[in-house]
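Student: Got a minute to go through this one with me? I'd like to talk about side chains.

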Amino acid sequence: MWSFETDPEFQKELDWIRDFVRENVEPLDHILPSQWNIHDEGFKRLVRPLQAKVKERGLWACHLGPHLGGKGYGQLKLALMNEQLGRSRFGPITFGTQAPDTGNSEILAHFGTDEQKEKWLKPLLNNEIVSCYAMTEPQGGADPLMIETTAEKDGEGWVINGEKWFSSNAKFASFYIVMVKTEPEANDPYRRQSMFIVDADTPGLEIIRDYGYHGQAEPEHAHVRWNNVRVPPENLLGGRGDGFAVAQTRLGGGRLHHAMRAIAESQKCLDMTCERVVSRKTKGEPLWKQQMVQERIADAWIQLRQFRLLVLETAWLADQGHDWKALRQQVSAVKVMMTKVLHDISSMALHLHGSLGITTEVPFSDHLMNSFMIGLADGPTEVHKSVVARQLLKQYEPNPEMFPDYVRWKAQEKQAQRVKEAG
């Protein structure tokens with residue numbers, strides 16, 4: 001059965017989340033540093049009490065199953081929640097659903113041993129610590145097959161050497177999940193990588209520099225050098241050569257969650273712009289009465305609703321039991337559209353606010369820059385467009401004839417023959 005209705009009981013939770021985020025969480029964006037800086041005194045004083053209220057409400061870490069302390073809501077309900085959580089950079093961490101910790105917790109839940117779960121997963125789920133996912137490298141960019149960081153056996157353990165790039169939240173993290181090359185001779189290039197858990201205080205880890213981008217409270221994307229970092233054998237996640245399989249556990253859901261938050265950002269920009277155009281006057285009339293303004297508002301609303309349906313459909317399919325590999329086309333389509341939708345709507349908002357729109361006193365340039373960030377994170381837009389096209393074209397067979405069957409004269413001949421045979 002197909003339905004566009006939200007369960008009434010869950011709608012009550014969504015209404016509570018909406019009000020809670022707007023009244024209590026969004027103001028934190030203006031007064032606190034990075035949302036991953038959990039040891040900041042302001043975080044302890046202002047965010048921890050809000051997290052306690054979320055836990056009392058039973059809405060903490062809802063991406064996880066009940067056996068891990070979550071609600072097991074599934075992707076569709078997560079999407080609806082993130083429409084509200086994404087309005088604030090503190091929204092996800094206030095509800096225990098912040099990246100990259102969500103993806104890392106899924107990896108640990110699927111592939112971690114009991115000892116690994118006790119040591120890292122349990123405190124991660126409680127937000128007693130935060131984590132880092134280190135995959136990208138300076139020379140490799142979006143191509144994971146170009147990973148050069150190695151882990152070599154040394155006695156019972158491993159020694160890691162190399163460099164990682166844009167390792168988000170590295171300076172706040174208590175541990176890293178890192179992808180490295182362990183099987184360089186494997187015939188299958190996708191079986192050359194393995195995944196390890198590494199304590200952040202392990203000797204040999206060096207943050208060369210932290211990079212930030214416009215709109216961030218502080219630089220938090222690290223260039224990290226790994227100098228003879230020794231890792232015990234029990235820190236291997238999955239088996240040797242399983243790195244890509246482990247990574248896919250987190251990337252599919254992570255891309256969808258980015259999209260959910262992009263909906264929230266886009267809606268926030270649209271809300272602000274609608275208020276602006278009904279408030280502001282030009283040439284003696286409200287700004288909204290200008291037809292080109294109406295066109296831009298209408299285009300933004302239509303574009304956002306279309307994108308929202310694509311995200312919810314993909315989330316629904318995931319909840320129906322389709323794994324992320326089976327949903328590659330849908331997830332990549334979502335990944336392509338989220339950067340365009342956020343870019344277009346934040347640009348529109350900036351423009352219709354006039355000179356105020358380009359200042360740092362309003363958030364539109366922040367959202368605009370974030371549209372570029374999400375167009376690069378977890379694979380650039382171009383890669384995902386290629387995935388969509390290749391997955392789609394697999395469904396079609398080439399026609400060996402010079403003229404296709406849908407040419408009018410061939411179609412007419414075929415139909416005439418059917419009529420003749422029918423007598």
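Tutor: Sure, let's take salt bridges, then a glutamine, then cysteines and a surface patch. This is a predicted model, so local features need pLDDT of at least 70, side-chain atom pairs count only at pLDDT 80 or more, and totals for chains, interfaces and linings use all residues. Residues are numbered from 1 along each chain as its sequence is written, and side-chain values use heavy atoms, with hydrogens and water left out.

Student: How many salt bridges are there?

Tutor: The count comes to 21, where a salt bridge is a side-chain nitrogen of Lys or Arg within 4 Å of a carboxyl oxygen of Asp or Glu.

Student: Which residue does Arg308 pair with?

Tutor: Glu83, with the closest N and O atoms 2.8 Å apart. That pair links distant parts of the chain, 225 residues apart: Arg308 sits in helix H8 (residues 291–319) and Glu83 in helix H3 (residues 74–85). Helices here are DSSP runs of H or I, at least four residues, numbered from the N terminus.

Student: Is Arg308 buried or exposed?

Tutor: Buried, at 18% relative accessibility, and Glu83 is also at 18%. Buried means under 20% relative accessible area, exposed over 50%, partly exposed in between (1.4 Å probe, protein chains only).

Student: What about Arg87, what does its side chain meet?

Tutor: Asp271, in a salt bridge at 3.5 Å, N to O. Arg87 is in the loop between H3 and helix H4 (91–94) and Asp271 is in helix H7 (residues 243–279), so the pair ties together parts 184 residues apart in sequence. Arg87 is buried at 10%, while Asp271 is partly exposed at 31%. Both belong to a salt-bridge network with Glu26 and Lys268.

Student: Switching topic: where is Gln116?

Tutor: In helix H6 (residues 114–125), and Gln116 counts as buried at 2% relative accessibility.

Student: Which backbone atoms lie by polar atoms of the Gln116 side chain?

Tutor: The backbone oxygen of Glu234 is 2.6 Å from one, and the backbone nitrogen of Thr113 is 2.9 Å from one.

Student: How many disulfides does a search of the whole structure find?

Tutor: Zero, taking a disulfide as a pair of cysteine sulfur atoms within 2.5 Å. Cys62 is buried at 0% relative accessible area, and Cys132 is buried at 0% too.

Student: And Leu393, buried or exposed?

Tutor: Exposed, with a relative accessible area of 58%. Leu393 lies in helix H11 (residues 381–393).

Key
Helix = DSSP H or I, 4+ residues; strand = E, 2+ residues; numbered from the N terminus. Polar contact = N/O pair within 3.5 Å; in protein donor to acceptor, adjacent residues only side chain to side chain.
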